[in-house]
Amino acid sequence: MKIEIVYTTKSKHMKTVADEMARWVKTYAKPISDFKYDHQVDLLVIGFDDSILKDKELIHFVNSLSRTQIKNVSLVNA
């Protein structure tokens, strides 16, 4: 199972939370800007801050995801 963990760069605490989650599934957490859209992913975990309505980076990222590449999405709020 291919799991990717990404986080928004505006969140102060999400990088730490994402790094801890990534350790459990033996992968690495990375900022949204480093995500490769052409890879097949079984589970994409997206970490973000409470200001989801103001975060244009997150909104643009979610709108650009393809259902053929990403099978499941999980949202984590810090």
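A residue counts as buried under 20% relative accessible area, as exposed over 50%, and as partly exposed in between. By that cut-off Lys30, at 21% relative accessibility, is partly exposed. The model discussed here is predicted. This briefing covers its salt bridges, then the loop residue Lys26 and the strand residue Val73. In total, 4 salt bridges are counted.

**Salt-bridge network around Glu4**

- Salt bridges join Lys2, Glu4 and Lys30 into a network.
- Within this network, Glu4 pairs with Lys2, and the closest N and O atoms of that pair lie 3.2 Å apart.
- Glu4 also forms a salt bridge with Lys30, with an N to O distance of 2.9 Å.
- The pairing of Glu4 with Lys30 links distant parts of the chain, since Glu4 belongs to strand S1 (residues 3–7) and Lys30 to strand S2, with their positions 26 residues apart in sequence.
- The network includes differing degrees of exposure: Glu4 is buried, with a relative accessible area of 7%, whereas Lys2 is partly exposed at 40%.
- Lys30 is classed as partly exposed because its relative accessibility is 21%, and the buried class requires a value under 20%.

**Salt bridge within helix H1**

- Lys15 and Asp19 form a salt bridge through their side chains, at 3.0 Å from N to O.
- Both residues lie in helix H1, and because they are 4 residues apart, about one helical turn separates them.
- Lys15 is partly exposed, with a relative accessible area of 42%.
- Asp19 is likewise partly exposed, at 29% relative accessibility.

**Lys26 in the loop after helix H1**

- Lys26 occupies the loop between helix H1 (14–24) and strand S2 (29–31).
- Although Lys26 is not a glycine, its phi is positive, at about 55 degrees.
- The side of the classification on which Lys26 falls is clear: with a relative accessible area of 78%, Lys26 is exposed.

**Val73 in strand S4**

- Val73 is part of strand S4, which spans residues 70–77.
- The relative accessible area of Val73 is 43%, so this residue is partly exposed.
- Beyond its neighbours within four places in sequence, Val73 is in contact with Leu43, Leu44 and Ile46.
- Val73 and Asp42 are 31 residues apart along the chain, and their C-alpha atoms are separated by 8.4 Å.

Notes. Residues numbered from 1 in each chain as written. Predicted model: local features only at pLDDT ≥ 70, side-chain atom pairs only at ≥ 80, totals over all residues. Heavy atoms only, no water. Helix = DSSP H or I, 4+ residues; strand = E, 2+ residues; numbered from the N terminus. Buried < 20%, exposed > 50% of the residue type's maximum accessible area, 1.4 Å probe, protein only. Contact = heavy atoms within 4.5 Å.
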